[in-house]
Amino acid sequence: MKPLKRSTPKGSAAAGVLRAPVGAVLVALPLGVAVLGPLFAEVPAAGLAAPYAARGGEHLLGTDALGRDVLALLLHGGRSALGMALGAVALAYLLGGLVGLIAASARRRWLDELLIRPLDVLLPLPTLLVISVVAVGWRGSPAAIALAVAAVNVPPVARLVRAAALDAASSPVAEALRLQGESWGRIQAGLVARSVLAPVAADIGTRVTLTVFLVGSANFLGLGLSPTAPDWAVSIARGREGLLLQPWAVLAPALMLVMFTVGLNLFADRLLARSRRRTQEAAR
């Protein structure tokens, strides 16, 4: 008897197809504002206009508590808000991914333990506590905050890459390539790295989202950038006191962050669905 095939509801299939284009639109707009925004406006100076001015005239979105144009702040705030998060995730994967690949391909168990066990000690560290310690010495430095966030993300990234690469690194194919004299780098790039692409791609979507909120939380709490910096999270923190007088000072940057994170989540869900479907097809 042939096994019965599960039918996928048309509604869920259509929703899955729409995730990619909707996610692309939601991610593209905040990224476009972050990259191209500073080309269309100068950094606004304080005191040039009345604080909490309403929308209209020269100020399309009004002004904030310091009398600065909200639209100009919005155009300049994305580079720090998204740049620190994306840079931290890239650095975390550069370091943690390399450690995970080396640990998965280690021929000696002691080397695997030496690489992974110290990272396990760092896993329970509270992220905001680490950022607070860094902020004491390097307050207002975007590079310092990005490095602190990257350091916190290295242990989980290394464990994820190691777990995903273990089967491929110890497979007969990898052993055959070693016997043929292939270099470690070519084996990792040609065989092992392919096995971790799907879980890594799915993890990047969720990790960038969490990092955006983490960097935003640090800036919101005053642990990151200067309170007058044109950062989206800083603008939200500074404008919350006058939310009823000038809601766009808070809503505009919050909308950018929400659109970016929701779009990335849609991409991550789509990648997870594809990875799950390929796994089921391979099992059949």
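**Exercise 1. Place G62 in the fold of this predicted model.**

Task: State where G62 lies, whether it is buried or exposed, and which residues it contacts.

Solution.
Step 1. G62 sits in the loop that links α1 and α2.
Step 2. Check its accessibility. The relative value for G62 is 0%. Buried means under 20%, so G62 counts as buried.
Step 3. List the contacts beyond four places in sequence. G62 touches A53, A54, R55, R68, D69, V70 and Q246.
Step 4. Take Q246 from that list. G62 and Q246 are 184 residues apart along the chain, yet their C-alpha atoms are separated by 7.2 Å.

**Exercise 2. Examine Y52.**

Task: Find the loop that holds Y52, then describe its phi angle and its exposure class.

Solution.
Step 1. Y52 belongs to the loop between α1 and α2.
Step 2. Read the backbone. Phi of Y52 is near 55°. That is a positive value, and the residue is not glycine.
Step 3. Assign the class. Y52 has 23% relative accessibility, so it counts as partly exposed.

**Exercise 3. Lay out the secondary structure.**

Task: Say how many helices and how many strands the protein chain has, and in what pattern they run.

Solution.
Step 1. Count the elements. There are nine helices and zero strands.
Step 2. Follow the sequence. The pattern reads α-α-α-α-α-α-α-α-α.
Step 3. Look at contact range. Among contacts between residues at least 6 apart in sequence, 71% join residues at least 24 apart.
Step 4. Add burial. The chain has 284 residues, and 40% of them count as buried.

**Exercise 4. Take apart the largest nonpolar core.**

Task: Name the core residues that touch the most other members, and the helices that supply the core.

Solution.
Step 1. Start with the general rule. In soluble globular proteins, nonpolar side chains tend to be buried together.
Step 2. Size the core. The largest nonpolar core holds 60 residues.
Step 3. Pick out its best-connected members. L82, I131, V149, V212, W232, L257 and F260 touch the most other members.
Step 4. Assign the suppliers. At least two core residues come from each of α1 (10-36), α2 (70-105), α4 (127-137), α5 (142-169), α7 (184-220), α8 (232-239) and α9 (248-283).
Step 5. Find the top contributor. α2 gives the most, with 14 residues.
Step 6. Zoom in on I131. Beyond four places in sequence, I131 touches I145, A148, V149, L214, A218 and L223.

**Exercise 5. Trace contacts from three leucines.**

Task: For L214, L91 and L26, give the helix and the contacts beyond four places in sequence.

Solution.
Step 1. L214 is in helix α7. At 16% relative accessibility, L214 counts as buried. It contacts T127, L128, I131 and V149. The C-alpha atoms of L214 and T127 are separated by 8.2 Å, with their positions 87 residues apart along the chain being the spacing.
Step 2. L91 is in helix α2. Its relative accessible area is 26%, so L91 is partly exposed. L91 contacts L147 and A150. From L91 to N153, 62 residues apart along the chain, the C-alpha separation is 9.1 Å.
Step 3. L26 is in helix α1. L26 contacts M259, F260, V262, G263 and L266. L26 and V258 are 232 residues apart along the chain, and their C-alpha atoms are separated by 8.9 Å.

**Exercise 6. Describe the cavity.**

Task: Give the volume of the largest cavity, its lining residues and their classes.

Solution.
Step 1. Search the whole structure. One cavity of 30 Å³ or more turns up.
Step 2. Take its volume. The largest cavity has about 60 Å³.
Step 3. Walk round the lining. It consists of D64, V70, L73, L74, W232, S235, R238, A249 and P253.
Step 4. Assign helices. α2, α8 and α9 each supply at least two lining residues.
Step 5. Sort by class. Six lining residues are nonpolar, one is polar and two are charged.

**Exercise 7. Judge the confidence.**

Task: Find which helix has the lowest mean pLDDT and which has the highest.

Solution.
Step 1. Begin with the whole chain. Its mean pLDDT is 80, and 87% of residues reach 70 or more.
Step 2. Compare the elements. Helix α6 (residues 172-179) has the lowest mean, 73. α2 has the highest, 90.
Step 3. Check the start of the chain. Over residues 1-8, pLDDT stays under 50. For this stretch the model has one contact beyond four places in sequence.

Key
Residues numbered from 1 in each chain as written. Heavy atoms only, no water. Core = buried A, V, L, I, M, F, W, Y, C linked by side-chain atoms within 4.5 Å. Buried < 20%, exposed > 50% of the residue type's maximum accessible area, 1.4 Å probe, protein only. Contact = heavy atoms within 4.5 Å. 1 Å grid on protein atoms, 1.4 Å probe; cavity = no way out; pocket = protein on both sides within 12 Å on 5 of 7 lines; lining within 4 Å. Points joined across faces, edges and corners; volume = space filled by probe spheres on them. Nonpolar A, V, L, I, M, F, W, Y, C, P; charged D, E, K, R; others polar. pLDDT = per-residue confidence, 0-100.
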